[in-house]
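This report describes a structural model chain by chain, with attention to sheets, domains, contacts and core. The sequence and structure come first.

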Amino acid sequence: MYRYIVRRLLWACVLFIAVTMFTYVIFFVIPADPAVLAAGRSARPADVERARIYLGLNHSVPYQYGLFLKRLVVDQSLGRSFVNRRDVDSMISEAAPVTASLVFGGAILWMLLAVPIGVLSALRPRSLLDRSAMVFVLIGISLPVVWIGLVLQFLFGFKWGILPNAGYCNVFNPPTGATCGGPVDWFTHLILPWTTFAILFTAIYVRMVRSNTMDTLGEDYVRTARAKGAPPNQVLRKHVLRNAMLPVVTMLGMDIGIALGGAIFTEYIFGLPGLGRLAVQSVQNFDLPTIMGVVVFSTLCIIVFNLIVDVLYAFIDPRIRLE
Amino acid sequence: MTTAEPLLDVRDLRTAFLTDDGIVGAVDGVSFSLDAGRTLGIVGESGCGKSVTNLTIMGLNPKTARVSGQALLRGEDLLQAAPRRLREIRGNEIAMIFQDPMTSLNPVHRIGDQLVEAVLLHNDISHAEAKARALESLEEVGIPQAARRIDDYPHQFSGGMRQRVMIAMALINDPDVLIADEPTTALDVTTQAQIISLIAQLQKEHGTAVIIITHDLGVVAEIADEIVVMYAARVVERGPVDELFERPSHPYTWGLLGSLPRLEADVERLAQIPGQPPSLLAPPRGCRFNPRCPYAFQRCHDEDPTLIKVSGTDDHVQACFLDEGTKAREAAKTLSAAAA
Amino acid sequence: MNDEILVVDNVKKHFPVTQGIVLKKQVGAVKAVDGVSFAVRRGETLGVVGESGCGKSTMARCIMRLLDPTDGRIVFDGRDISRLSRAQMRPIRRDMMMIFQDPYASLNPRKRVGFIVGEALEVHKMGTEAEVKRRVQELLEVVGLNPEHYNRFPHEFSGGQRQRIGIARALAVNPKLIVCDEPVSALDVSVQAQILNLLKDLQSDFGLTYIFIAHDLNVVRYISDRVMVMYLGKMAEFADSKELYASPKHPYTGALLSAVPIPNPKLGRARHQIVLEGDVPNPINPPSGCVFHPRCPRFKEGVCDVDDPPAFSFGGSHQAKCYYPLERWPMTVEEIERRPAERLEQAVAALPH
């Protein structure tokens, strides 16, 4: 087990370097000059040159990259934004909880919906429930997230006024000048974003849970359990669910890991100041340090969650030995 | 010949499945009986209905199955029993083991837990007591270092060991009937010998009646007291083991015996049964073996043969219209070819 | 020797077992085949029997160069093929073909039967499209299928018919040697008889040589001229078919023979069975000396667990690697377990020449 984790961590470092280096290269390949943007509209060439030096853009690309790594490892800092000279660290630490609220809440919602529907559909194939579930799946996968978000926003937020339209409220310590705060506000402001974010995943997971459950129901050991005289819900609980959910757990970990990098569409529509919005803004502004900050954070999330999922899998399934 | 009631009495069992292509009659009028402590062997090739027959008795068919007939366990019709009653019986009065020991045990639960589950489903005792019983049963089936291995997972056992675990799990509640569905087919020859002798030994010790389902005539010759030969969802011959092997009385049985390569004799050429078993969606009219039978005549196409007694016996029946003389001749030919 | 189409000389196939975080080093090996030597005569059928883990399938794949042997030589038709490159092997592959066990898995379900049977002909450029098609239809007929089913898919055929397709595929390029890896194990008894008879007929019609691998001793007896018994990667015994079954020398062969259920209740009851203890051990850690010694009823300490026995000869083709071979057959269980006082080679050496 330990050997496995060490090996994975070593690979994670390699992956990390590859991703960040790749991002750096792409950034500098794009024909646009961040120094121009930073210098402002009415900048003269001398001002642009000064901006360039100030931002450290006068060095070669490999040098800048090396500097970035050094700063990251030694100072544990992600540098300063080109745009507003704020610490990228603090920008990320403000945006991350927002995305985390959205993603984890959404994940709980989609699992609470997908697992029962998927299992029930598998137990009663071709019934009315099953057929409706499959229609829902088709719709859920086909509808664009943006469209769903806008429609929900329009109906519930604007037309009927039941739920807040947009915006994010901190659970603890709302900043001064904030219009809302506290758990209730936090919750109500996230209902529509959670629903929007979760619909696509619910659809995908219903299908996955259903097909895994159907496969497991046909397995020989389920027949053995019935032959022992086990009642149906014991068979389901002890023998079917645990085996059927194994692949779902893997997928869940990976999906959460990826989504933590920024559920861009949902955050944008509902004005949530999360990592997704930060990512979009920083790319539009050619704000390299912030871009790198988001990339680093997302990569870390994906690596960590993949590792968690793999280790978890080994705990749940005794056949997997991580050597 | 016993005049006592048989332990398990199956009468005119029929099981049909509704499929997209039509109705498949997987079992079509099967009858046999099993006395306490005896072994019944059901032989036939794939698709003949031998497994479905026993799954029907246990009530383990999918919901699309349509069942008729009777399966009387000590007079109680299992086919009419309430689901709760059936669950009481399964694993307790009738137990079943299956062919593939690799997949028949739940891979994520320890085998000790799976054995304990079997005990606790039918006995109101403590977990500790159940585990003690589980340990005993593992030792009884010859698992070495049982106390340590009881906490292992199925994948840590070999195929033969897993089959022993399955047998332990089936016999742990001391059932009256053990149904073994192809228990040795997936195992090596030497392991197969171990398992067969284990089943025979445990049967003697516990007095369990055994139904063994297999395609291997050698296995039933070793272990069975009575044999039922099935073809295309029907019984074509039934009788005591010695009698059946000495006087096989159905062309299919001759074909089966003749097509076996022998260990103890030189066979010049294997007798082969041409063609293959019929589809049960649209089986042939009359005797279902008639398309492949070298002796078929008009009556075989028109009428369904019923099981009639072989002359001079009480308990040997067969379903064929051929006259006794021809049968005796052909049977002798098959046997002499095998004994050459 | 011209008479021998295949000579296998001390072939080994070890699969490495590695450990390590970044740099993997080999800590052991699965000794799937561990020094097997035998020869196959032109036109005969050599049966290879053994249980799971004995290495028979691995050895078959080494012979076919589907796997590369770790050590040893394979001489096919006078030519050493053990270390030939892929390109060099290509023309030789026309002469050795294989038939597989699972008729459901060994045919590509997305390809039509005509393509499956004719593919090798096209690969080796043996004819125009029309000629290939004609040949394929010929082959379908030879194996007992309807040539008009040329355009059907595998799932439209039964198990036995699919196996016939596999045989037709193997015959297409007129090979000299066909390795049959458990070709009838997955078939029903009545279909098995059809396929075995077909294989026999084809052998005499086309002058084929077979290596027939199976775990079913009855089947091997019926179809083989000579038989090799394998255990845990090594040869245990080698003999003419009739002789192996009439007077086996190796205790493992004896155990195998006595374990086979006989479809004759009276004979079965009269028979003494040698029931072996335990399971086949792990090929990663084979026992020292004779690999069979932990389960052998004739085991003698100090002899059987020290050195791997050489292949003692018992006349003709008959060889067995055992220091205390069976004295006669059938033996009673008591006789089997009684160990002779002297090692065989000493006893043989003591005989007057």
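## A four-stranded sheet in chain B

In this predicted model, chain B contains an open sheet of four strands, ordered β2-β1-β4-β5 and paired in the antiparallel sense. Its edges are formed by β2 (22-34) and β5 (76-77) of chain B; each has a single partner strand, so one side of each is left without a neighbour in the sheet.

The link between β4(B), residues 65-73, and the edge strand β5(B) is made by two bridges, and the two strands run antiparallel. Across this pairing, B:Leu72 stands opposite B:Asp77 of β5(B).

## Overall build of chain B

Chain B has 12 helices and 12 strands. Its radius of gyration is 21 Å, close to the 20 Å that the globule rule gives for 340 residues, so chain B is as compact as a globular protein of that length. The C-alpha trace of chain B spans about 65 × 45 × 45 Å along its principal axes.

Of the 340 residues in chain B, 52% count as buried. Among contacts in chain B with a separation of 6 or more, 65% are between residues 24 or more positions apart.

## Domains of chain B

The domain assignment splits chain B into domain 1 (8-229) and domain 2 (247-339). Between the C-alpha centres of domain 1 of chain B and domain 2 of chain B the distance is 29 Å.

Where these domains meet, 10 residues of domain 1 of chain B are in contact with nine residues of domain 2 of chain B. On the domain 1 side, β2(B) gives the most, with four residues. That side of domain 1 of chain B comprises five nonpolar, three polar and two charged residues. The strand β2(B) is thus named twice in this report: it is an edge strand of the open sheet, and it gives the most to the domain 1 side of the contact with domain 2 of chain B.

## Contact between chains B and C

Chain B contributes 38 residues to its contact with chain C, and chain C contributes 36 residues. On the chain B side, α6 (159-171), α7 (189-206), α8 (217-223), α9 (241-246) and α10 (251-258) each supply at least two residues. The largest share, six residues, comes from α7(B). By residue class, the side of chain B that touches chain C has 17 nonpolar, 13 polar and eight charged residues.

## Strand pairing in chain C

In chain C, strand β1 (residues 4-19) pairs with strand β2 (residues 25-41) over 13 bridges in the antiparallel sense. One of the residue pairs is C:His14 with its bridge partner C:Lys31 in β2(C).

Strand β1(C) is also joined by five bridges to strand β4 (residues 71-76) of chain C, again running antiparallel. Here C:Val8 has C:Ile74 in β4(C) as its bridge partner.

## The nonpolar core and chain A

The largest nonpolar core holds 260 residues, of which B:Ile211, B:Val220, C:Val179, C:Ile211 and C:Phe212 touch the most other members. Helix α8 (residues 183-217) of chain A supplies the largest share of this core, 12 residues. Leaving out residues up to four places away in sequence, C:Ile211 touches C:Val40, C:Leu46, C:Val48, C:Ala60, C:Leu177, C:Val179 and C:Cys180.

Chain A is divided into domain 1 (16-74) and domain 2 (94-274 + 299-316). Taken over C-alpha atoms, the centres of domain 1 of chain A and domain 2 of chain A are separated by 39 Å.

How values were computed: Residues numbered from 1 in each chain as written. Chains lettered and ligands numbered in written order. Predicted model: local features only at pLDDT ≥ 70, side-chain atom pairs only at ≥ 80, totals over all residues. Rg over C-alpha atoms; globule rule 2.2 N^0.38 Å. Buried ≥ 20, exposed ≤ 12 C-beta atoms within 10 Å, placed from the backbone. Contact = placed C-beta atoms within 7 Å. Pairing = 2+ DSSP bridges. Nonpolar A, V, L, I, M, F, W, Y, C, P; charged D, E, K, R; others polar. Core = buried A, V, L, I, M, F, W, Y, C linked by C-beta atoms within 7 Å. Domains from an automatic or database assignment.
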